[in-house]
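Student: Could you take me on a close look at a single part of this model and show me what surrounds it? I would enjoy one connected answer.

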Amino acid sequence: MRLDDSAIADRAVAVRSGTALAALGVLAFSFTFPATVWALKGFDPWTATGLRSVLAALVAGTCLRLFRVPLPRRDQWRGLAVVSLGCVLAFPILTTLALTTSSTAHSAVVIGLLPLATAVISSKLTGNRPSRRFWLAAAVGASAVVVFTVAQSGGGLSTADLFLFGALVLCAFGYAEGGRLAREMAGWHVIAWALVMALPVTGAFAVFGLATEPLHVTGEGIVGLLYVALISQFGGFFAWYRGMAEIGVARASQLQLAQPLLTLVWAVLLLGEHLPAAAPVTALIVVACIVVTQRSRS
C-alpha cells in the first residue's frame, strides 16, 4: 500500500470512529430533557441545576486527579471559560427553567437549532467555509425540526422560549470552542476542567436552591438527577468532544439534528407524552439531511 493510500485509509477509519463517537454523544444527550423532567419531580430548578453540576464537577475533579492530568496551558483557559459558561452554566439552568412551564416536545426546539448555530459559530471562529450543499442541507434539516416542534406546540413566544433561545446561543459557543480545544487535549479533559472551573458558581446555585426551594425527593427525581449529572453533564461529552475533534465541529454538529426526534421517542416511552403523526416524516427529512452533510466537505 502506498503512503498516500495508507493516509487515506487512516483518515477513513478516523472519520468512521469520529462519527460513531459523535453519534454516541447525541444518543446520551437525547435523554437529557426527559431526565430533567424526572429530576424536577424531586428537586426545584435551582437545586436540580446546582446539584447536577456539583456532582459532575466532583466526579470530574476526581478523574483529573487520579489520572494526574496537568493543568491546561494559559492560552487554553479562555476557551475553557467559554465551554464552562455555555455548557455547564447557561444551558442547564436555562433549559431546566424552561421545562418547568414548557413540554419536552416544545423544548426540543433548542436542540433542533443547536447544530446549525454550532456550525455557524464554528465557521466564524475557525475560518472554515463548508460547502453550499452542506449549509443548504443543514438549514433544511434545522428548519424541518423547528417547524415540526413549533407547530406541535402551537407556536408563539413565551418566557420559556426566551430561556431556550439563550441556552441555544450560549451552548453553541460552548460546543464550538470545546470542539476546537478537543484537538489540543483529550475531550474529557475539556469538559472536566470546565466543570471544575464553574464549581464556585454551581456550588452557589446548589446552596441557593437548597436554602430557598422545598425538597420533595422521589425515586424518579434521584434517577433523573444522577443521569443529568453523570451522563448529560460529564460522560456524554467524552464521546461528543472526541467525535468533533476527529470529524470537525460543523459536521459532527449535524448529527445532532437527530436528537430532537430521539428525545420525542424517549418522551413517549418514559414520560407518556403523545407522539405526533408528523414525527416519521420529519425523521426521514432529518436523516436525509444528515446523510448529505456527512458527504459534504467541511
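**A close look at helix 9 and its surroundings**

Tutor: Happy to! A good place to start is outside the part you asked about, with Arg-68, which sits in the loop between helix 3 (45-66) and helix 4. Keep in mind that this is a predicted model. Arg-68 is exposed, with a relative accessible area of 76%, and its phi is near 50°, a positive value in a residue other than glycine. That is worth a second glance, because most residues other than glycine have a negative phi.

Now to helix 9, which spans residues 219-247 and holds Gln-233. Is Gln-233 buried or exposed? With a relative accessibility of 0%, below the 20% cut-off, Gln-233 counts as buried. Its side chain has polar partners there. One is the side chain of Arg-52, joined to that of Gln-233 by a polar contact of 2.9 Å. Another is the backbone oxygen of Cys-87, which the Gln-233 side chain reaches at 3.1 Å. Leaving aside residues up to four places away in sequence, Gln-233 also touches Ser-53, Ala-56, Val-88, Pro-92, Ile-191, Leu-195 and Val-228, along with Arg-52 and Cys-87 themselves.

Next along the chain comes Phe-234, also placed in helix 9. Phe-234 counts as buried because its relative accessibility is 4%, under the 20% limit. Which residues does Phe-234 touch, not counting residues up to four places away in sequence? They are Ala-56, Val-59, Ala-60, Cys-63, Trp-188, Ile-191, Ala-192, Leu-195 and Ala-229. To see how far apart in sequence such neighbours can be, take Phe-234 and Leu-55: they are separated by 179 residues in sequence, yet their C-alpha atoms are 9.7 Å apart in space.

Phe-234 also leads us to the nonpolar interior. The largest nonpolar core has 68 residues, and Phe-234 is listed with Tyr-175, Trp-240 and Tyr-241 as those with the most contacts inside it. Helix 4 (residues 77-99) supplies the largest share of this core, twelve residues. A second, separate core has six residues, including Ala-35, Phe-43, Ala-48 and Leu-225.

Tyr-241 deserves its own stop. Again not counting residues up to four places away in sequence, Tyr-241 touches Val-83, Cys-87, Gly-174, Tyr-175, Gly-178, Gly-179, Ala-182, Gly-187, Val-190 and Ile-191. Tyr-241 is also part of one aromatic cluster, formed with Phe-29, Tyr-175, Phe-237 and Trp-240.

Staying with rings, how many aromatic pairs are there? The count comes to 16. One of them is Phe-31 with Trp-266: the ring centres are 4.5 Å apart and the planes meet at 10°, so this pair is stacked. Phe-31 lies in the loop between helix 1 (3-30) and helix 2 (32-39), and Trp-266 in helix 11 (residues 259-271), so the pair ties together parts that are 235 residues apart in sequence. Phe-31 counts as partly exposed at 24% relative accessibility, whereas Trp-266 is buried at 18%.

Finally, some context from the record. An unreviewed UniProt entry places the feature "domain: EamA" at residues 17-148 and 160-292. Residues 17-148 are 81% helix and 0% strand, with end C-alpha atoms 31 Å apart. For residues 160-292 the figures are 83% helix and 0% strand, with the end C-alpha atoms 32 Å apart.

Technical notes: Residues numbered from 1 in each chain as written. Predicted model: local features only at pLDDT ≥ 70, side-chain atom pairs only at ≥ 80, totals over all residues. Heavy atoms only, no water. Phe/Tyr/Trp six-rings, centres within 6.5 Å; stacked < 30°, edge-to-face > 60°. Helix = DSSP H or I, 4+ residues; strand = E, 2+ residues; numbered from the N terminus. Buried < 20%, exposed > 50% of the residue type's maximum accessible area, 1.4 Å probe, protein only. UniProt positions renumbered as here; feature names shortened; annotations may be inferred. Polar contact = N/O pair within 3.5 Å; in protein donor to acceptor, adjacent residues only side chain to side chain. Contact = heavy atoms within 4.5 Å. Core = buried A, V, L, I, M, F, W, Y, C linked by side-chain atoms within 4.5 Å.
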